[in-house]
Amino acid sequence: MHGVWTPDQVRAAEQRLFRTVPEPTVMRRAANGVALWVRRLLAERLGRVAGRHVALLVGAGNNGGDALWAGALLRDRGVGVTAVLLAPEKTHPEGLRALRAAGGRVVEAADAADDSGVADVAAEALRRADVVVDGIVGLAGHGPLRSLAAAAVDRVSAPVVAVDLPSGVDPVSGAVDGPAVSATLTVTFGGRKPCHVLGAGLVRSGGVVVVDIGLDPHLDEPDCSVPEAGDVGRAWPVPRPADDKYSQGVLGVAAGSANFPGAAMLAAGGAVHTASGMVRYAGPAADAVRQRWPEVVAVGSVGDAGRVQAWSVGPGIGTGAAGREVLAAVLDDAKPVVADADAITLFANDETLWDARDPDVPLVLTPHEGEFARLAGQRPADRIAAVREVARRCSAVVLLKGNTTVIADQDGRVLVNPCEHAWPATAGSGDVLTGMIGKLLATGMDPLWSCGSAAHVHARAAEIAATGGRAPSSSAESGDVDPVGAPIGASALLDAVPAAVREVRAVAATTP
């Protein structure tokens, strides 16, 4: 896994580092990392470094200083460098001196006759640049780009390397509320920040690389963690020689209806494709489930299901009296529960259901944003903080679906699964995820990790289905675009789950 740290955590770590290492030394380490990745980008895309041209978009403070120092290092490698100053009176003085001493060119962004427009000389430098370095604002910045910066960014057509984060992206939420930079590559320092994995910031950051500037020993525990394929593959349950169908976990699925059996078949299928063992279905879609999945033991009610180690409940059960009866029966069984869709609405509308639950038995809630708003009272602005608070209040593991899935437990632990594509955004894909999480819970896996593992494989299965199994999306080093894909339905995603499991297990077998 790799960690994600908040801007406040990073700033505190920097101050501790500055007690032993002079700040200019740390800045030059950061600049060296930026220059290194700019050179790699030039070499990969254009075949050579010397003789190419790089433009620096330089704002106030240390972020602009990092860009200027990087420009000085690039000049030493034969790169033509022009710094476009957006706030000349606030430009980092040491960085500016270093660039000039190295032979870099410096121009002001604002047109002397009209400070709302970009000067011709600055516009020309941006137009002919082979790479542009975004050093406009750093972790202290909030809100969209100001008019001059936005006008300058509009002149850029070359690949952009962002220093720490794309300017205009909120560093905490990853939100974009106006003009902002879209980077090909983001070079950040010490560790990833929330904006690199959340919201629009995930896409705007492009590929993200982390440069070691000496912060690592000074960083606190990460605010949240991102599971990687090897982590998921090592934890994924597979049958061992002494196993039988019962020892690998039995999941009960309570979903769907006679008129709408799709949710039942997708949830049951998600469980079947996730792990060996046994799946029991309980509900009015028993005939349809039995026909689609002959390996599932299907009965008409929760009371007839027999013994299980966990339940997946909610998709398609309805929010009326019948649905409430199903949810109450599942809770009464006192086994770990994954509650999705209609079950979440029932919880939100009927406080007595919380009383029916044994608080010592794990509960997982898997809302989309609309369902989450029913639990939280509003749609989340800061997704990590909001999910953490609802998990604490509900004494549950909460998985908030979205382009980035955020998962928190009642103890404050958070996992984030950033997804650089939107292939799972199709009707029924959540039902598949409900079955997957439930089956991992039934094997005895930790509830938080059950959610994180299932979310990772679910997203990859969607990508495999959409792209025909081609390589995973963007490369962190080059910012390459996704392979061409086609829209899919939930059934295609479901069919690709075994391929995604094989893939993460293969990664686990070849990495420490």
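The following exchange examines salt bridges, cavities and aromatic contacts in a predicted model.

Student: How many salt bridges does the structure hold?
Tutor: A salt bridge requires a side-chain nitrogen of Lys or Arg within 4 Å of a carboxyl oxygen of Asp or Glu. Among the pairs that meet this criterion are arginine 290 with aspartate 287 and glutamate 389 with arginine 392. The number of salt bridges in the structure is 17.

Student: In which helix do arginine 290 and aspartate 287 both lie?
Tutor: The closest N and O atoms of this salt bridge are 2.8 Å apart. The two residues are separated by three positions, about one turn of the helix. The element that holds both is helix H10, residues 286-292.

Student: Is aspartate 287 buried or exposed?
Tutor: Its salt-bridge partner, arginine 290, has 36% relative accessibility and counts as partly exposed. The relative accessible area of aspartate 287 is 58%. Because exposed means over 50%, aspartate 287 is classed as exposed.

Student: What is the N to O distance in the salt bridge of glutamate 389 and arginine 392?
Tutor: Both residues belong to helix H15 (residues 383-394), where they stand three residues apart. Glutamate 389 is partly exposed at 36% relative accessible area, and arginine 392 is partly exposed at 48%. Their side chains meet at an N to O distance of 2.6 Å.

Student: Are arginine 460 and glutamate 463 buried or exposed?
Tutor: These residues form a salt bridge of 3.0 Å, N to O. They lie three residues apart in helix H17 (residues 447-467), about one turn of the helix. As for their accessibility, arginine 460 and glutamate 463 are buried.

Student: Which residues do salt bridges with shared partners join into one network?
Tutor: The network arises where salt bridges share partners. Its members are Glu369, Arg379 and Arg383.

Student: What is the volume of the largest cavity?
Tutor: The structure holds two cavities of 30 Å³ or more. The residues lining the largest one include Leu331, Lys335, Arg357 and Asp358. That lining divides into six nonpolar, no polar and three charged residues. The volume of the largest cavity is about 50 Å³.

Student: How many polar residues are in the lining of the second largest cavity?
Tutor: This cavity has a volume of about 30 Å³. Among its lining residues are Gly138, Gly141, His142, Gly143, Ser167 and Gly168. The lining also has four nonpolar residues and no charged ones. The number of polar residues is six.

Student: What is the geometry of the aromatic pair?
Tutor: The structure holds one aromatic pair. It is formed by phenylalanine 347 and tryptophan 354, at 4.4 Å centre to centre with 35 degrees between the planes. Planes under 30 degrees apart count as stacked and those over 60 as edge-to-face, so the pair is classed as tilted.

Student: Which residue of the aromatic pair is buried?
Tutor: Buried means under 20% relative accessible area. Tryptophan 354 is partly exposed, with a value of 23%. The partner has a relative accessible area of 1% and is therefore buried: phenylalanine 347.

Student: Which tryptophan has the charged end of arginine 292 over its ring?
Tutor: One contact of a charge with a ring places arginine 40 over the face of tryptophan 37, at 4.5 Å from the ring centre. Another involves arginine 292, whose charged end is 3.9 Å from the centre of a ring. That ring belongs to tryptophan 293.

How values were computed. Residues are numbered from 1 along each chain as its sequence is written. This is a predicted model: local features need pLDDT of at least 70, side-chain atom pairs count only at pLDDT 80 or more; totals for chains, interfaces and linings use all residues. Side-chain values use heavy atoms; hydrogens and water are left out. Helices (H or I, at least four residues) and strands (E, at least two) are DSSP runs, numbered from the N terminus. Buried means under 20% relative accessible area, exposed over 50%, partly exposed in between (1.4 Å probe, protein chains only). On a 1 Å grid over the protein atoms alone, a cavity is a set of points where a 1.4 Å probe fits but cannot get out, and a pocket is an open set with protein on both sides within 12 Å along at least five of seven lines; lining residues have an atom within 4 Å of a point. Grid points are joined across faces, edges and corners, and a volume is the space filled by probe spheres set on the points. Ala, Val, Leu, Ile, Met, Phe, Trp, Tyr, Cys and Pro count as nonpolar, Asp, Glu, Lys and Arg as charged, and the others, Gly among them, as polar. Rings of Phe, Tyr and Trp (its six-membered ring) pair if their centres lie within 6.5 Å; planes under 30 degrees apart count as stacked, over 60 as edge-to-face and the rest as tilted. A charge sits over a ring if NZ of Lys or CZ of Arg is within 6 Å of the ring centre and within 35 degrees of the ring normal.
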